[in-house]
Each structure stands twice: as C-alpha cells, then as structure tokens.
Amino acid sequence: MLVVALLCTGCQFVQSAFANTAGNAGAALAAASTTLTYAHSGKITDAYAASSFINFQSELDGLDQKLPSTQGAPSGHAIQRLLDLYKTAIRAVDAPCLTASCDWRGQVAALDRASKAFLEASNS
Amino acid sequence: MKTLLSIALGVVTAIGGFLDAGTVATAGEAGAKFGLGLVWAILLSTVAIVLLVEMTGRFAAVSKKTYASAIRENFGIKFYLLPLASEVIAESILLTAEIGGMAIAISLITGISWHVLFPVAVLLVFASAWRAPFSWIENGPALLGLVTLSFIAGIVALGGPQRDLLPTLWQPPIQQGGMADYLYLIAATLGATISPYMLYFYSSGAREEGWSTRSLLLNRVTAIVGMGFGCIGSLAIVLLSAMVLRPLNMTANTLGEIGLAMAKAFGPVGAMLFAIALFATCFGAALEVVLAVSYNIAQGFGWEWSEDKKPVEAARFNLVIILFLLVAVLISLLGIDPLQLALFASTVIALFLPISLFPFLVLMNDRQYLGDKINGRLINIAMLCILFIAFVVAIVSLPLEIVSGGG
C-alpha cells in the first residue's frame, strides 16, 4: 500500500523528461570542458582525455533529434537557442582539440556556454 | 604466527576487495549530486555486509556446508530455483558492468575505445577463472585494490573537505523533482554493497580452504575490521566527488569523470592511480561474480565444483563460467554505459535482497546446522530492518527512475 501510494504521488518526486535530459547533457558538457582543460594543463594524459571523450560522445550523441520532442520541452526560441549551442559544443566533443596547435580555449568556451544553458533550462 | 598472517591477509584483502564497479559508480554519483547526503546509506550497508560476511563464514565453518547446498537441502529444489533465478538475473547485469569497468580502466590508460577492449577484458576474466587457483583469485586483485587507499591521500592533498560540505551530511541538496534520483541512489548504494554474490563466493571459499570452528576468529576479524575499513574507499570517493566534481556541475555520469578528482590532486599520476584501482576492483569483482554463480548452480544441483580442480574434473562447473561470460557479452551488445549498468544492477540487487537473503536468515537460526552458534535476536532484527529498507526504496525508485528516463 505504501509503495502504491508513493508511486501515485510520484510526479512530485520526479523531474520532467526534458529537465532530466537537459540536466544530464549540461553535466556531460561540463565534464567535457573540465576534461579538455585538465588535458591542456597536464593533469591528465591525452589517452585519458581521448577515452573520456568517447564516453561523452555516446552520452550526447543525437540529443538534437531527441530534445525537441521530449516531454516538457519548451517551444520556439528557447529550444532553438539550446540546439544552436549544442551544435557548436558537439563539434568539440566529436573532435576535441588535444594539441596546442588548435583552438582548445574556444572549444572550452563553447562547452561552458552550452553546459550553463542546459543546466539553466533543466532548473527552470 | 600462521594464524596472525592469515588474519592480516584476510583483513587486507577485504579492504582491497570492498569496492567494485557498483560501489565506485554509486559513490561517485552520490558525492557529485548530493554531497555527503548518502554517507548514511554507505555506513548502513557496511553494517549489513559486516554482519552478512560474519554469518556466512560462521555458517560454512560450523555446518561444513555452502549456502547454496544448504538452501537446496533445507527448502527443496523448487524453492532453491527462486533465489537462483534472482541471482542469475541481477548478477548477469552486474558482471557486464564489472567487465565494462575493466575495459574502461584499460581505455583510460591506453586511449583505446572501451567497446574494443570489452572482449579483451572478457578473455582476461575467463583465463583467470579457468586456470588460476582459488587463493590467487581471492588475494591477487584484492591486494592490487589497495591502491584505492590513495584516494584518502587525494583528499588530504586537496586540503580536505570544504566547510560548506558538512551540512549536506544531514541536509542533502535535493533539487525540486530530484527525490526519485536520491531514492534510486540509496537503493543502488545498498545493493552495491550488500551483494548476495558475496555469500556464495565467501561460503564456497571457506569450504575451498577447509574452514572449521577454529577459523571463527579469523572470520570475525576479517568481517569486522576488513569490511569495516573497506568502506573507507567508498567514503573517499564520495568526498572526492563532492569536493571536486560537484562545484564544477559534474554529476559523475561516466567512470572517467570520477578519476578527474584524483587528477586534480596528483596530476596524471592520480588519474592513473584511479584507473589502476578501477581495473583491480572490477577485475576482482568480475571473478567473484562469475565464480559465485558457478558455485551456486553447481552446489545447488550437486555437481562437482572447485576452483582448485582441473576443468575436466569439474566440467559442468566450468561450463557455467563460460556460459555466464557469454551472457555478459550478449548484454554488452546493448551498448549501455557500464556506470549506468552498474547503478541499475545494484538497484535490481537491492530489490531482490529479501529473496536472496531471507532463506539465509532462516538457516542462520537453525540449530541443526549451527548448534549453539545460531544468530542472536539483535542481529536478526538488524538484518530484517536493512532488508526491508533496501526493498522498499528499490521498489519505489526503480519505476520512478524509468518513468523519468533518468539514471
């Protein structure tokens, strides 16, 4: 009975699917940004960073297809802004700049911007 | 002197072997999401595993029987199939997560995709389970797992926990709508530590090593000191995640993220120490899980079994090892991240705990098996309470987590 009662009031316990997805994406983007920063400050090896980015890719891949149709997703301008930030950020996730010869700072900035926007969207 | 050495080895291996993919995943995510808000669940589950390990060793040493054979003998084959089925379902998911954890650890060192390394990890587990003697399986990975103690050094190197973390101990930072996530992690924390496979592995190990009533001291010290200190590894991961990942808005959704806390403390050496610890703990746990299921089935059906026998002398026991590894390979084809799989497996284990452990409590109160060494009333009540909490939390949180698409 207790279990049934708790499940019936479950909506008070859970976030909407959109808030959950956006929150997870924001956290994954923050992790990608930190990983890239650590790689360039010598805190982790390139191998460690490369391996981590494989996992970030599988976590974030296809989000642009999934997000607009997720239950609880905002419409219009808000979702478009998230998708634009996602498109820039996912390029950094798919091809992270692990050498000094490319613009890794630009990638970190893109990841941070997207992470912040997704986390804000999940909390709103 | 020999007894003292055995006790020391038992304690050391219990400390080194405490963590596995499930405990690393739950502790990492708990610290990153809820600060110190799940420390109580780790301490509660540690009390439960200390009691269970002590009971399992006592049962095997006094009755000279393993847990699986005693269930079959006392409750009959039809009843035995119930805990067996729950065990096979939960442990097959957990085994996949453990092997995935090994693959990710090698991946973090080499940079090669863990998907490619998964078959390598399977072969490594198979070769060890197939040929290695029991003493090596019991002690080897666990001794390597002592690397987890470097997590404590990591906390010290980072200057210890920030003062604002302390209130999260009694006031977990649960966001609006985040209660399902919190409950899910409680269930996963309990299931990750109170793993019934330990019962089958530990009781079989006690028989492999020919324990008698003279081994009861070794058993008690190993359970209390070894498992008691073992939880330090889990607590250290919670602290590291809370100190480093949480302020950066990371939620430890992948295993590699958890290692970044050690990287912040010690640079690439810290990250490598994390990868080695992850490999050792997952390798040890994968061996224990695959052997526990093989022991369970072989003992339940009365087949020849022993890790120290040649495969040809215990053919069906060894066949189960191969089949179970193949099941893990099939599950891995679903492509689910090992950390998420470990969390899910741990919650499923928590859900099945009453089925797995209630028969054991009945046996632990049976004078026919234990004479005057049966359980005291306090231990029975404590275990029943913990099983009840784990079951209720798991049955509430699993559907909520699935509905919200979280994990």
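## A starting point in chain A

Let us begin at a small landmark: Gly42(A) comes after helix H2 of chain A and has a positive phi, near 75°. Everything described here belongs to a predicted model.

Helix H2 itself covers residues 17-40 of chain A. Does its length fit its residue count, and what distance should we expect? At 1.5 Å a residue, its 24 residues should span 34 Å, and the end C-alpha atoms lie 35 Å apart, which agrees. H2(A) is also largely enclosed by the rest of the structure, because 22 of its 24 residues are buried.

## The rest of chain A

Chain A holds 6 helices and 0 strands, so its pattern along the sequence reads α-α-α-α-α-α. In this chain of 124 residues, 48% count as buried. Among its contacts with a separation of 6 or more, 72% are between residues 24 or more positions apart.

## How confident is the prediction?

For the model as a whole, the scores are ipTM 0.89 and pTM 0.91. Chain A averages a pLDDT of 88, and 90% of its residues score at least 70. Chain B has a mean pLDDT of 88, with 95% of its residues at 70 or more.

Confidence varies along chain A. Helix H3 (residues 46-60) of chain A has the highest mean, at 95, while helix H1 (residues 2-8) of chain A has the lowest, at 52. Where pLDDT is low, the predicted coordinates should not be read in detail.

## The overall form of chain B

Chain B is built with 17 helices and 0 strands. Its C-alpha atoms fill a box of roughly 55 × 50 × 45 Å along the principal axes. A compact globule of 407 residues would have a radius of gyration near 22 Å, and the 20 Å of chain B agrees with this.

Of those 407 residues, 60% count as buried. When contacts in chain B between residues at least 6 apart in sequence are considered, 85% of them join residues at least 24 apart.

## Inside chain B

The largest nonpolar core has 189 residues, and Ala286(B) and Val290(B) touch the most other members. Helix H13 (residues 268-300) of chain B gives the most to this core, with 22 residues. Beyond its neighbours within four places in sequence, Ala286(B) is in contact with Leu95(B), Glu98(B), Ile99(B), Met102(B) and Val125(B).

Another residue to visit is Ser92(B), placed in helix H5 of chain B. Is Ser92(B) buried or partly exposed? With 19 other C-beta atoms within 10 Å, Ser92(B) is partly exposed. Setting aside neighbours within four places in sequence, Ser92(B) is in contact with Phe324(B), Val327(B), Ala328(B) and Ile331(B). The C-alpha atoms of Ser92(B) and Ser195(B) are separated by 13 Å, and these residues are 103 apart along the chain.

## Where the two chains meet

How many residues of each chain take part in the contact? On one side there are 34 residues of chain B, and they are in contact with 36 residues of chain A. On the chain B side, the elements that give two or more residues are helix H5 (77-110), helix H9 (179-193), helix H12 (255-266), H13 and helix H17 (377-404). H17(B) gives the most to this side, with 7 residues.

By class, the side of chain B that touches chain A has 16 nonpolar, 15 polar and 3 charged residues.

Conventions: Residues are numbered from 1 along each chain as its sequence is written. Chains are lettered from A and ligands numbered from 1 in the order in which they are written. This is a predicted model: local features need pLDDT of at least 70, side-chain atom pairs count only at pLDDT 80 or more; totals for chains, interfaces and linings use all residues. Helices (H or I, at least four residues) and strands (E, at least two) are DSSP runs, numbered from the N terminus. The radius of gyration is taken over C-alpha atoms; the globule rule is 2.2 Å times the number of residues to the power 0.38. A residue is buried if 20 or more other C-beta atoms lie within 10 Å of its own, exposed if 12 or fewer, and partly exposed in between; C-beta atoms are placed from the backbone. Two residues are in contact if their C-beta atoms, placed from the backbone, lie within 7 Å. A nonpolar core is a set of buried Ala, Val, Leu, Ile, Met, Phe, Trp, Tyr and Cys residues joined through C-beta atoms within 7 Å. pLDDT is the predictor's confidence in each residue, from 0 to 100. Ala, Val, Leu, Ile, Met, Phe, Trp, Tyr, Cys and Pro count as nonpolar, Asp, Glu, Lys and Arg as charged, and the others, Gly among them, as polar. The expected span of a helix is 1.5 Å times one less than its number of residues.
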